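Please open the model in a viewer and keep the sequence panel visible. The tour below proceeds by selection, and each stop describes what is found there.

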Amino acid sequence: MISGKIEGNAAQAIRAVVEFANLCTIEGRAVPEKQGQRVRQELIRDLCVVASGTRLPASDLSILLERAKHLSISPQGYDAQGGAVIYTFSYWNWAAMCSYQVLVLDAARRDGKYFPGDLRRCRLDSCGRFFFMSDLRESFRGRPRSTYCCAEHMLAQHLTTSADRVARHRKRRRAARLDSGQDESSLGGVELLTRIGCDDLATGQDVSVDGRQQMPAISRSG
Ligand SMILES: [Zn+2]
C-alpha cells in the first residue's frame, strides 16, 4: 500500500500518474516493484484504452470510481500567475490516485484535441510511452504527431517495418534486369522510399503502421 500526497495543480497531478505509467516513479521517486507492479499494469491497460480513443467499459468505470474514493482533494492556494488552483491530493493508496486520474483522462479524451484530452501512446514496440500531443513542440509539416513520442521513434518503427519491403523490392529489381539502365543505386533516398510504398517516410507524414503494441492481457481484481 503506497500512501502519500501530491501538492500541485490538476495538470501536475495528471502528469504524476502518467509518469508512474511510463517510468514506475512518483515525482521522481522509484516505486518498489512489489508494491507498484499490479497497480501499474492496470493503469497501463486503462491508459491504452483511453489513448486509443475507446470508451472504458461501464464495469471498469464503477471499479475505478470505488477506488478513487480513497483519495481526498483539497484546495490549498491559487497560482495567480499561472492561473491554476493548487491542491493537495492525499491518497490512502496510490491506486486511488491512478483510478481518479484515469477517470479525468477518460472524460478529457472525448474532446481529444487539447491537454489532457490529447493523451496518446508511442507505437514503437520498444517504447510504448504515454505522451500528450500538445507537449511535442515540433511537428512534421504543421501536423501534430499522434502516434510516436518523438521523431526518432517514428523513423525507427518505420525503418523496422519497411526493411523487409526494401529487401523485397531490391530483389525484384535485380531479377527483372530492367533495361532502362537505371537501378535503385542511382535513385535518391526519397525517390526510392516513394517507389517502394514508404510514402509516410518520404513525405515525413505521421501515419499509422502495423506494430501497434498489444495491450497487456491482465484481469482486474475487484
Ligand atoms: Zn517512443
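## The whole chain

Read from one end of the sequence to the other, the protein follows the pattern β-α-β-β-α-α-β-β-α-β-β-α-α-α. The model is a predicted one. Colour it by secondary structure to display its 7 helices and 7 strands. Of the 222 residues of the protein, 25% count as buried. Among contacts with a separation of 6 or more, 60% are between residues 24 or more positions apart.

## First selection: the open sheet

Select strands E1, E5 and E4. They form an open sheet of 3 strands in the order E1-E5-E4, with antiparallel pairing. Strand E1 (4–8) and strand E4 (71–79) stand at the edges with a single partner strand each, so one side of each has no neighbour in the sheet. From one strand to the next, the twist averages 15°.

Turn to the pairing of E1 with E5. These strands run antiparallel and are joined by 5 bridges. Label Glu7, and then Thr88 in E5, which stands opposite Glu7.

Proceed to the other pairing, that of E4 with E5. Here 8 bridges join the two antiparallel strands. Two residue pairs may be labelled: Gly77 stands opposite Ile86 in E5, and Tyr78 has Val85 of E5 as its bridge partner. E4 and E5 form a hairpin with 4 residues between the strands, where Gly83 takes a positive phi near 70°.

## Second selection: helix H4

Add H4 to the view. This helix lies across E4 and E5 and runs at about 140° to E5. H4 has 16 residues and reaches 22 Å from its first C-alpha to its last, close to the 22 Å expected at 1.5 Å a residue.

How many of the 16 residues of H4 are buried? The number is 12, so H4 is largely enclosed by the rest of the structure. The buried residues include Trp94, Met97, Cys98, Tyr100, Leu105 and Arg109. To display what covers the buried residues of H4, select elements including H1, H2, H3, E4, E5 and strand E6 (119–121).

## Third selection: H2 beside H4

Keep H4 and add H2. Two packed helices are described by the angle between their axes and the distance between the axes. The axes of H2 and H4 come within 10 Å and cross at roughly 5°. The cut-off for roughly parallel is an angle under 35 degrees; H2 and H4 are therefore roughly parallel to each other. On the H2 side, the contact is made by Val39, Leu43, Asp46, Leu47 and Val50. On the H4 side, the residues making the contact are Trp94, Ala95, Cys98, Val102, Leu105, Asp106 and Arg109.

## Fourth selection: helix H1

Now select H1. It has 14 residues and reaches 20 Å from its first C-alpha to its last, close to the 20 Å expected at 1.5 Å a residue. Display the side chains of Ala13, Ile14, Ala16, Val17, Val18, Phe20 and Ala21, which are buried in H1. Against which elements do the buried residues of H1 pack? They pack against E1, strand E2 (25–26), H2, E5, H4 and E7. H1 is followed by Cys24, whose phi is positive, near 60°.

Centre the view on Val17. Leaving aside neighbours within four places in sequence, Val17 is in contact with Met97, Cys98 and Gln101.

## Fifth selection: the nonpolar core

The largest nonpolar core has 33 residues, and those with the most contacts inside it are Val17, Met97 and Cys98. The elements that give two or more residues to this core are helix H1 (10–23), helix H2 (33–51), helix H3 (58–68), strand E5 (84–91), helix H4 (94–109) and strand E7 (130–132). H4 provides the largest share of the core, 8 residues.

## Last selection: Ser126

Finally, select Ser126, which lies in the loop between E6 and E7. Is Ser126 buried or exposed? Ser126 has 10 C-beta neighbours inside 10 Å and therefore counts as exposed. Add Gln157 and display the C-alpha atoms of both residues: Ser126 and Gln157 are 31 residues apart in sequence and 9.1 Å apart in space.

Methods:
Residues numbered from 1 in each chain as written. Predicted model: local features only at pLDDT ≥ 70, side-chain atom pairs only at ≥ 80, totals over all residues. Core = buried A, V, L, I, M, F, W, Y, C linked by C-beta atoms within 7 Å. Buried ≥ 20, exposed ≤ 12 C-beta atoms within 10 Å, placed from the backbone. Contact = placed C-beta atoms within 7 Å. Pairing = 2+ DSSP bridges. Axes fitted to C-alpha atoms, helices over the stretch in contact; angles between N-to-C directions. Expected span 1.5 Å × (residues − 1). Parallel < 35°, antiparallel > 145°, perpendicular 65-115°, else oblique.
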